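Before you begin, look over the sequence and turn the structure around slowly. The questions that follow go through it step by step.

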Amino acid sequence: MGVGIEVEDLNAWYGQTHTLKGINLQIPANSATALIGPSGCGKSTFVRCLNRMHETNPVARAEGTVRVGNVDIYKDASPVEVRRRIGMVFERPNPFPTMSIYDNVASGLKLNGFRNKRVLDEVVERSLRQAALWDEVKDHLKSKSGASLSGGQQQRLCIARAIAVDPEVLLMDEPASALDPVSTAKIEDLIFQLKDEYTIVIVTHNMQQAARVAEKTGFFLSGHLVEFDSTHKIFTNPSDKRTEDYITGRFG
Amino acid sequence: MPHRPSRANVGRRQAANHLFSVLAILSTVLVIAPLFAILVYLLFQGVRSLNVAFFTHLPRPVGEPGGGMANSIVGSGIILALASLLGIPVGIGAGIYLYEFGGGKTLANAIRFTADVLNGVPSIVMGIAAYSLIVVPQKHFSAFAAGVALAIMMVPTVTRTTEEMLATVPNAVREAALGLGIPKWRTVMTVSLKTASPGIITGCMLAFARVAGETAPLLFTAFGNQFWPASLNEPIAALPLQIFVYAVSPYDEWHRLAWAGALVLIVLIMVSVTLVRVVTGRGMLNGGH
């Protein structure tokens with residue numbers, strides 16, 4: 001089951017550049033939340049701060065409070081623990097090229113020392129079914145490499161891999177921007193299915209996509225969260241002039 | 001009117017294309033030719049003295065016919081196994097540090113510089129170093145000293161190829177692992193190393209093949225031995241040494257044995273490199289690229 005996320009006064013820097021400025025928001029559990037905004041506005045940085053992935057970049061740092069469920073992820077947990085609970089799907093599909101489809105999905109469990117084969121089999125099948133990939137790959141789970149799939153299949157494989165460790169939150173950083181429209185539609189269907197069980201945060205450049213999948217939408221601009229409200233309100237009657245300009249395409 | 005390539009000089013461009021293709025093929029032939037020449041000449045000279053005894057018997061004194069280089073073949077095997085056992089893990093470890101953990105740190109730059117300098121140190125100097133550091137304090141020549149000398153020669157090549165091969169692993173793959181909550185060391189050991197392994201194995205094989213034929217560092221360390229190797233703490237026979245001793249001798253019979261030894265050495269190197277490739281190439285998944 002998903003949990004909610006509370007962000008209080010989050011600031012982030014890349015070296016000297018102040019990329020996130022005093023972000024406050026509450027992401028509801030078991031729903032999809034979209035983050036939109038022009039390139040470089042800080043939305044990717046923001047999701048990376050939610051699972052401490054920004055720390056893999058030596059010049060990045062963040063200050064503030066992020067509570068996932070009841071855990072303050074900067075104070076009460078290690079990055080490794082945080083990332084086990086908060087899965088991530090990246091812009092470019094990144095399956096492990098040397099692993100079979102099966103091992104890709106099982107990797108999160110296997111590489112953390114889990115070995116029970118019967119349970120692994122079950123988890124792999126369930127995750128691939130949830131990611132709507134099972135029927136396409138079930139005949140060559142162990143004989144084909146994850147890299148041999150098409151781009152859209154690879155991205156669904158990455159989603160299966162992320163949900164195989166049963167996270168509470170799933171972060172998606174432009175998961176469909178490198179995919180064709182058919183694959184994109186499949187990913188969106190998937191988000192629709194998954195949001196009953198997981199809290200989903202999706203960064204997207206595609207405003208129709210935000211409107212289709214998300215209950216809530218946040219608009220970022222130059223490191224500020226300009227507006228955060230129900231998706232319907234953001235797209236039909238935004239309170240801030242800058243949000244309106246952006247969604248009507250008057251700039252950006 | 002936009003500029004379009006004119007049809008006028010198509011003929012000239014095709015001629016240039018042919019010219020450069022021919023030059024490229026010629027260069028390829030020039031690269032391969034010496035290897036073939038050496039192999040053919042070695043076969044021609046060496047094959048006559050090859051027989052079962054060569055692989056099973058100890059060397060005989062001058063004048064006695066027959067005899068072989070069995071102890072040298074085994075000795076070389078022992079020295080090279082020791083060198084690989086010592087040199088490859090250290091080299092890979094240093095390469096991992098340089099790429100995955102070193103970042104822009106001073107220590108990493110110092111290691112990188114040292115590795116490059118070490119790579120340029122003449123092999124005879126490496127032999128003298130092992131001699132003064134191991135042979136002199138121990139007061140005897142040994143297989144161990146030879147293994148250490150060759151291991152040190154392997155390290156720079158293995159280190160730098162490991163670093164370069166890890167650099168070819170896309171960062172997205174590392175992020176995928178870290179994003180799953182897999183600790184950094186485990187990400188490196190499984191995902192990064194596994195993805196880079198074909199290149200790293202090639203680097204190890206290059207280092208192995210290079211030191212397999214080294215003679216100079218063995219002169220002061222392995223020293224040579226007429227008998228079967230009994231311990232790592234004794235002087236030991238090695239193929240390159242035995243070839244050297246026979247080749248500079250005044251006896252025709254020994255010259256022939258030296259040719260045979262050279263042929264066996266080069267074939268053994270080729271066989272072991274190919275074997276490693278076949279063994280590690282197996283288990284690769286189809287598809288991919």
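A nonpolar core is a set of buried Ala, Val, Leu, Ile, Met, Phe, Trp, Tyr and Cys residues joined through C-beta atoms within 7 Å. The model discussed here is a predicted one.

Q: Which helix gives the most residues to the largest nonpolar core?
A: In general, nonpolar side chains of soluble globular proteins tend to be buried together. In this predicted model, the largest nonpolar core has 79 residues, and those that touch the most other members are A:Ala160, A:Val169, A:Leu170, A:Leu171, A:Ile200, A:Val201 and A:Ile202. The element that gives the most to this core, with 7 residues, is H6(A).

Q: How many residues does the second, separate core have?
A: Among the members of this second core are B:Ile134, B:Ile152, B:Ala237 and B:Ala260. The number of residues in this separate core is 65.

Q: What is the order of the strands in the open sheet of chain A?
A: Strands of a sheet pair through backbone hydrogen bonds, either parallel or antiparallel. Strand E6 (86-89) and strand E10 (224-230) of chain A each have a single partner strand, so they stand at the edges, and one side of each is left without a neighbour in the sheet. Neighbouring strands are turned by 15 degrees against each other on average, when direction is ignored. The sheet has 6 strands with mixed pairing, and their order is E6-E7-E8-E3-E9-E10.

Q: About what angle does the direction of helix H6 of chain A make with that of E6(A)?
A: Helix H6, which covers residues 151-164 of chain A, packs on the sheet and touches E6 and E7 of chain A. The angle between the direction of this helix and that of E6(A) is about 175 degrees.

Q: Which residue of E8(A) is the bridge partner of A:Asp173?
A: Strand E7 (residues 169-173) and strand E8 (residues 199-203) of chain A run parallel and are joined by 5 bridges. Within this pairing, A:Leu170 has A:Ile200 as its bridge partner in E8(A). For A:Asp173, the bridge partner in E8(A) is A:Val203.

Q: Which residue stands opposite A:Val203 from strand E3 of chain A?
A: Strand E3 (residues 32-36) of chain A pairs with E8(A) in the parallel sense, over 4 bridges. The residue that stands opposite A:Val203 of E8(A) is A:Leu35.

Q: How many of the 5 residues of E8(A) are buried?
A: On one side of E8(A), A:Thr199, A:Val201 and A:Val203 are buried, and on the other side A:Ile200 and A:Ile202 are buried, so that both faces are covered. Leaving aside neighbours within four places in sequence, A:Val201 is in contact with A:Ile27, A:Thr33, A:Leu35, A:Val47, A:Leu50, A:Val169, A:Leu171 and A:Met172. The strand is largely enclosed by the rest of the structure, because the number of its residues that are buried is 5 of the 5.

Q: Is A:Glu174 buried or exposed?
A: The place of A:Glu174 is in the loop between E7 and H7 of chain A, and this residue has a positive phi of about 50 degrees although it is not a glycine. A residue is buried if 20 or more other C-beta atoms lie within 10 Å of its own. Because A:Glu174 has 21 C-beta neighbours inside 10 Å, it counts as buried.

Q: Which residue in the turn between E1(A) and E2(A) has a positive phi?
A: Strand E1 (residues 5-14) and strand E2 (residues 17-27) of chain A run antiparallel and are joined by 7 bridges, with A:Leu20 in E2(A) as the bridge partner of A:Ala12. The two strands form a hairpin with 2 residues between them. In that turn, the residue with a positive phi, of about 60 degrees, is A:Gly15.

Q: Which helix gives the most to the side of chain B that touches chain A?
A: Between the chains, 21 residues of chain B are in contact with 25 residues of chain A. Helix H7 (171-179) and helix H8 (184-212) of chain B each supply at least two residues of the side that touches chain A. By class, this side of chain B has 9 nonpolar, 9 polar and 3 charged residues. The helix that gives the most to it, with 6 residues, is H7(B).

Notes. Residues numbered from 1 in each chain as written. Chains lettered and ligands numbered in written order. Predicted model: local features only at pLDDT ≥ 70, side-chain atom pairs only at ≥ 80, totals over all residues. Contact = placed C-beta atoms within 7 Å. Nonpolar A, V, L, I, M, F, W, Y, C, P; charged D, E, K, R; others polar. Pairing = 2+ DSSP bridges. Axes fitted to C-alpha atoms, helices over the stretch in contact; angles between N-to-C directions. Buried ≥ 20, exposed ≤ 12 C-beta atoms within 10 Å, placed from the backbone.
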